[in-house]
Amino acid sequence: MEATQSYPNLLSEKQAAKRLGVARITLLRARASGRIRFFRVGTRVLYCEEQLTEFLSFCERTGRKDHGGE
């Protein structure tokens, strides 16, 4: 419980995708390719606000949300 207090703005994958305005599969592809950092707790994948901001900055620099061949 103490670890999550250090990260009060943890979001589920569904919440993070909604916040970014992308499909969950886009988030999954970004995660698989290493373009977005995340936490794995058991089977859950969680993101914090800072990670979403970093991902958006990456997208802004490259001009795309997901450039995995789409």
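Leu20 is buried, with a relative accessible area of 11%, and this residue belongs to helix α2. The model in which Leu20 sits is a predicted one, and its secondary structure comprises four helices and three strands, which follow one another along the sequence in the pattern α-β-α-α-β-β-α. The points below begin with the chain as a whole and then turn to the sheet, the helices and two individual residues.

**The chain as a whole**

- The protein has 70 residues, of which 33% count as buried, where buried stands for a relative accessible area under 20%.
- The exposed surface of the protein amounts to about 5,000 Å², and 51% of that area is supplied by carbon and sulfur atoms.
- When contacts between residues at least 6 apart in sequence are taken together, 47% of them join residues that are at least 24 apart.

**The sheet**

- The three strands make up an open sheet whose order is β1-β3-β2, with antiparallel pairing; β1 and β2 are the edge strands, since each of them pairs on one side only.
- Strand β1, which covers residues 11-12, pairs with strand β3, which covers residues 44-47, in the antiparallel sense and over two bridges.
- Within this pairing of β1 with β3, Leu11 stands opposite Tyr47, while Ser12 stands opposite Leu46.
- On the other side of the sheet order, strand β2 (residues 39-41) pairs with β3 over three bridges, again in the antiparallel sense, and here Arg40 is placed opposite Val45.
- Strands β2 and β3 form a hairpin that leaves two residues between them, and Gly42, which lies in the turn, has a positive phi of about 65°.

**Helices α2 and α3**

- Helix α2 spans residues 13-20 and helix α3 spans residues 24-32; their axes come within 9 Å of each other and cross at roughly 105°.
- Angles from 65 to 115 degrees count as roughly perpendicular, and α2 and α3 are therefore roughly perpendicular to each other.
- The contact between the two helices brings Glu13, Lys14, Ala16, Ala17 and Leu20 of α2 together with Arg24, Leu27, Leu28 and Arg31 of α3.
- By residue class, the contact of α2 with α3 divides into five nonpolar residues and four charged ones, with no polar residue taking part.

**Helix α4 and the sheet**

- Helix α4, made up of residues 49-62, lies across β1, β2 and β3 and runs at about 70° to β3.
- Glu50 is found in α4, and this residue is partly exposed, with a relative accessible area of 48%; the value falls between the 20% limit for buried and the 50% limit for exposed, which is why the intermediate class applies.

**Two pairs of residues compared in sequence and in space**

- Leu20, a residue of α2 that also takes part in the contact with α3, is 35 residues away from Phe55 in sequence, while the C-alpha atoms of Leu20 and Phe55 are 9.3 Å apart in space.
- Glu50 and Leu10 are separated by 40 residues in sequence, and the distance between them in space, from C-alpha to C-alpha, is 9.7 Å.

Definitions and conventions. Residues are numbered from 1 along each chain as its sequence is written. This is a predicted model: local features need pLDDT of at least 70, side-chain atom pairs count only at pLDDT 80 or more; totals for chains, interfaces and linings use all residues. Side-chain values use heavy atoms; hydrogens and water are left out. Two strands pair if DSSP finds at least two bridges between them. Axes are lines fitted to C-alpha atoms, for helices over the stretch in contact, and angles run from 0 to 180 degrees between N-to-C directions. Angles under 35 degrees count as roughly parallel, over 145 as roughly antiparallel, 65 to 115 as roughly perpendicular and the rest as oblique. Contact means heavy atoms within 4.5 Å. Ala, Val, Leu, Ile, Met, Phe, Trp, Tyr, Cys and Pro count as nonpolar, Asp, Glu, Lys and Arg as charged, and the others, Gly among them, as polar. Buried means under 20% relative accessible area, exposed over 50%, partly exposed in between (1.4 Å probe, protein chains only). Accessible areas come from the Shrake-Rupley method with a 1.4 Å probe; for residues, only the protein chains shown count as cover.
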